[in-house]
Amino acid sequence: MIFHKPDAPLRGAFTLSAAAPIPLYLCSPAQWPQLPGGLTPLQRQWVATTGFEPLAGRVLLLPGADGALAGVLVGIDTSEPLWQLAALPPLLPAGVYAVAAGDEAADAERDALRQLGWALGALAPDRQAAQLVVHDADLQAVERLAAAIAQVRRLVNLPANELGPQDLASAVQRLATDHGADYSEWVGEALPAAGFALVHAVGRSGAQAPRVAKLEWGDAAAPRIVLIGKGVCFDTGGLDLKPAAGMRWMKKDMGGAAHAMALAGLIMQAQLRVHLTLLVPAVENGVGPLALRPGDVIRAGNGRLVEIENTDAEGRLILADALHHGLQGDHAPALVIDLATLTGAARMALGPELPALFSNHETWAADLLAHSRRTHDPLWRLPLWAPYRRLLKSDSADTMNAANTPMGGAITAALFLEDFVPARVPWLHLDLYAWNTEARPGRPKGGEAQGLRALFSLLSERFAP
């Protein structure tokens, strides 16, 4: 596995100018009847000889009169601009390319998506020296987004023996150092007294001590944004042990933390007008003499007693303490966001490519979904269905950490978390998969960023510097 470093993954993928770039002719079945008329007779004959059809993913190199490459036909799906160019960087011969002007109306958002897709395709380790012409104004934004996505992928792909709780906290500390932010952490036995008893209970059986990493950045007078990422560096399920197939890829259970860190980095790079708090509770959910047990009752940071119904519902426990801590202070947050690879139930309902969104605030939820559509970064809202709270009722505590039924599992998990967020505080909860189950252009198998671009687009609009 090759892990892309997040600092400069795109060197050489773009150029700002070219005297005579090789044109990329983007064509869909609807556009195809008009396009051949713009080709030379030799090229039309070549298209007919090869039997090229303008289907998404099809590519045809066009010869010039001198035998040199004169253009490229690229079949596209017009509904997915992000991925229209993603297959090209590792496929095309070395050279400088530009999207040919066509009958399409100017669309800056569409063009930016195409360029990001090219950038993600350029992350392929075996790519050719193909370059795309872009405008100077677009380049920094595209490179920053691609680097953030590469960072998420790299962290999620790391094996658990290379990325434990201490390593994950160190990555947050490096992020703070890079941006001049303040950093603090609580480790091991210091956690309960600091209000993180649930984090301690989940992580005390791990090979590395559990901890909570905290980054603070920005003007204290600016609107406060709290980001929280689930940092379970490996999840055995605890004493409620997962089967082998369910445990195989649990190195990725810190995917929420990877997303929160990447989003924090984008916010600080863009100098958004916010006071940012990033919290990463980092643990390993292991098996051993100190492991959390079914039936244990733990007092959370907000004072609520939580009965453990299932030790494999550990992510919501560490998020709960982090949510409570993030809400402390003289000023209520303008927005709280948590990101987590939280429930298999969300995957059963929506599949691996469509993260579930829960929110207690209609306007923030609607705006995020609008940015999701605009950025082609899909999300789907699920309800905080209050009647299901009865499924979390405990005879020994204020709440159980999980229902004793598998039905509605993503909703009951979100309802558990909602109890740690006052109704007056806007809250967005993303239950995501953070993984590509198959390789496609621009999307290698393995770790993946989901919802990241939509969230950053929303925050950039609301809190522009």
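**Exercise 1. Work out how far helix α12 is enclosed by the rest of the structure.**

Start with the ground rules: this is a predicted model, where local features need pLDDT of at least 70, side-chain atom pairs count only at pLDDT 80 or more, and totals for chains, interfaces and linings use all residues. Residues are numbered from 1 along each chain as its sequence is written, and side-chain values use heavy atoms, with hydrogens and water left out.

Step 1: find the helix. α12 covers residues 452–462; helices here are DSSP runs of H or I with at least four residues, strands are E runs of at least two, and both are numbered from the N terminus.

Step 2: look at burial, meaning under 20% relative accessible area with a 1.4 Å probe, protein chains only. The buried residues of α12 are L452, R453, A454, L455, F456, S457, L458 and L459.

Step 3: conclude. With 8 of its 11 residues buried, α12 is largely enclosed by the rest of the structure.

Step 4: see what does the covering. Among the elements over those buried residues are α2 (108–121), α3 (136–157), α7 (255–269), β14 (335–340), α10 (362–375) and β18 (427–431). Contact means heavy atoms within 4.5 Å.

**Exercise 2. Sort the residues of strand β15 by the way they point, then find the strand's partner.**

Step 1: recall that side chains in a regular strand alternate between the two faces of the sheet.

Step 2: apply that to β15 (residues 356–359). A356 and F358 point one way, L357 and S359 the other, and all are buried.

Step 3: pair the strand up. β15 runs parallel to β16 (residues 380–381), joined by 2 bridges; pairing requires that DSSP finds at least two. L357 has R381 as its bridge partner in β16.

**Exercise 3. Lay out the open sheet of 3 strands and pick its edges.**

Step 1: write the order, which is β12-β13-β17, with mixed pairing.

Step 2: β12 (297–299) and β17 (399–400) each pair on one side only, and these are the edge strands.

Step 3: check one pairing. β13 (residues 305–307) and β17 run parallel, with 2 bridges between them, and E307 sits opposite M400.

**Exercise 4. Decide whether the protein is as compact as a globular protein of its length.**

Step 1: count elements: 12 helices and 20 strands.

Step 2: compare sizes. The radius of gyration (over C-alpha atoms) is 24 Å, close to the 23 Å from the globule rule for 465 residues, so the protein is as compact as a globular protein of that length. The rule is 2.2 Å times the number of residues to the power 0.38.

Step 3: add burial, which takes in 54% of the 465 residues.

Notes. Buried < 20%, exposed > 50% of the residue type's maximum accessible area, 1.4 Å probe, protein only.
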